[in-house]
Amino acid sequence: MTTKKRILSGMRPTGPLHLGNLHGALANWISMQETYDCFFFIADWHALTSDYENTSAINDFTRQMMIDWLSAGLSSENCTLFVQSHIKEHAELFLLLSMITPVPWLERNPTYKDQIVQLSNKDLSTFGFLGYPVLQAADIIIYKAQGVPVGIDQVPHVEITREIARRFNFLYGNVFPEPEAILTKTSKILGTDRRKMSKSYQNAIYLSDSPQTIATTVATMITDPQRARKSDPGDPDVCNVFSFHQLYTNADTVASINRDCRRAQIGCVDCKKIMARNLSEALSPIREKRAYYEAHPKEVELIIENGNRKARTVAAQTMMEVRTALKI
Ligand code: TRP
Ligand code: SF4
């Protein structure tokens, strides 16, 4: 009796998850897992589109990402959790969709142009990189997902997916629903340097960080940039440490920090120590679950195998319909 609406989303396994990912995408997925029929997967083939030269870390990142997901609270009972490259049907649908996707749709994709500029250290003049959205479309429509929870940056990809699905249906008959993007609110917290939290900026706090690492990293955080000395009043409204407090510290303490900072009655060093302690504590259930899964790798493998099996059943069924529609 799955009358639940099906949603699907994926992450590329580019490294361990940080708090920006947790308070952005992952928390959103976790909150949806009971209301929707959820398919979440690790897009390891998509990681290859930009990291094809060095593939040595992808498998480990994939396993680590699954552990991050499970530790943070995604449940393999509520969701289908799987790995893209284990479901070969994605590749078959990708190939078929590539036949009907006009190249200009891909060339005018804003993420394509952006990434080529931003990742200028890599040669991205490949067929696979141009075809990134076609593979993503295959990922989505092979499960007939109705909703795709993603950040604003991925909306153009969902838009191309809709266009491809529409074109397929027009040419071969109605097989695919057109999925809709479900926008994820971006995380309020920034990296230690007040830029967006990102692995490549080296300003991130990871779910897997130890309390010691958290303390050291928090100590380097930029606070209210106008506040030079402890005797200067600060402004919590512009302070990233304060944004963390709002997530991890109890309301009374948040209120007193808010007051004391403005009156120069608390210094940033002490304020950060309180935050680091609360953050560490809040992450401790995640840390414990991570330690458990690290010690039980077979269990993680089993979860992935089960998820793969569930995903494969759905994908195989869709591919039968696709082949029938195509008469091939
Ligand atoms: N492109 C997405 C990202 O970089 C990852 C992804 C691949 C994805 N396939 C997907 C997301 C399908 C949603 C649906 O974040
Ligand atoms: Fe930020 Fe706390 Fe320093 Fe105020 S005291 S500026 S809230 S770190």
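# Buried and exposed sites in a predicted model

Lys 327 is exposed, since its relative accessible area is 74%; here exposed means over 50% of relative accessible area, buried under 20%, and partly exposed in between, computed with a 1.4 Å probe on the protein chains only. The structure is a predicted model, in which local features need pLDDT of at least 70 and side-chain atom pairs count only at pLDDT 80 or more, while totals for chains, interfaces and linings use all residues. Residues are numbered from 1 along each chain as its sequence is written, chains are lettered from A and ligands numbered from 1 in the order in which they are written, and side-chain values use heavy atoms, with hydrogens and water left out.

## Two residues with positive phi

Lys 327 belongs to the segment after helix H14 (297-326), where helices (H or I, at least four residues) and strands (E, at least two) are DSSP runs numbered from the N terminus. The phi of Lys 327 is positive, near 60°, although the residue is not a glycine. Gln 202, also a residue other than glycine, has a positive phi near 50°, and its place is the loop between S5 and helix H10 (211-219). Gln 202 counts as exposed because its relative accessible area is 74%.

## Helix H3 and the loop after it

Helix H3 (residues 58-72) contains 15 residues, and the distance from its first C-alpha to its last is 21 Å, close to the 21 Å expected at 1.5 Å a residue; the expected span of a helix is 1.5 Å times one less than its number of residues. Most of H3 is covered, with 11 of its 15 residues buried, among them Ile 58, Gln 64, Met 65, Asp 68, Trp 69 and Leu 70.

Thr 62 lies in this helix and is classed as buried because its relative accessibility is 6%. Apart from residues up to four places away in sequence, Thr 62 touches Pro 13, Ile 42, Asp 44 and Val 83, where contact means heavy atoms within 4.5 Å.

Just after H3 comes Gly 73, which takes a positive phi of about 120°. Leu 74 is in the loop that links H3 to strand S3 (79-83), and it is buried because its relative accessible area is 3%. The contacts of Leu 74, leaving out residues up to four places away in sequence, are Leu 26, Trp 29, Ile 30, Gln 33, Phe 40, Trp 69, Cys 79 and Leu 81. Trp 69, one of these contacts, is itself among the buried residues of H3.

## Helix H9 and the loop after it

For H9, with 18 residues, the span calculated at 1.5 Å a residue is 26 Å, and the end C-alpha atoms are 26 Å apart, which agrees. The buried residues of H9 include His 157, Val 158, Ile 160, Arg 162, Phe 168 and Asn 169. Gly 173, just after H9, has a positive phi of about 105°.

Val 175 follows in the loop between helix H9 (155-172) and strand S5 (180-183), and this residue is buried because its relative accessible area is 12%. Not counting residues up to four places away in sequence, Val 175 is in contact with Lys 144, Phe 168, Asn 169, Glu 321, Val 322 and Ala 325. Two of these contacts, Phe 168 and Asn 169, also appear among the buried residues of H9.

## Helix H6 and C-alpha separations

Helix H6 (residues 110-118) holds Gln 118, which is exposed because its relative accessible area is 59%. Asp 114 is also placed in helix H6, but it is partly exposed, because its relative accessible area is 44%. The table sets out sequence and C-alpha separations for four pairs of residues.

| Pair | Separation in sequence | C-alpha to C-alpha distance |
|---|---|---|
| Val 175 and Lys 273 | 98 residues | 56 Å |
| Gln 118 and Val 314 | 196 residues | 36 Å |
| Asp 114 and Gln 146 | 32 residues | 27 Å |
| Leu 74 and Lys 185 | 111 residues | 18 Å |

## Surroundings of ligand 2

The residues around ligand 2 are Thr 223, Asp 224, Arg 227, Cys 239, Val 241, Phe 242, Cys 261, Cys 268 and Cys 271; a residue is near a molecule or strand if one of its heavy atoms lies within 4 Å of it. Helix H11 (240-248) and helix H13 (268-295) each contribute at least two residues to this shell.
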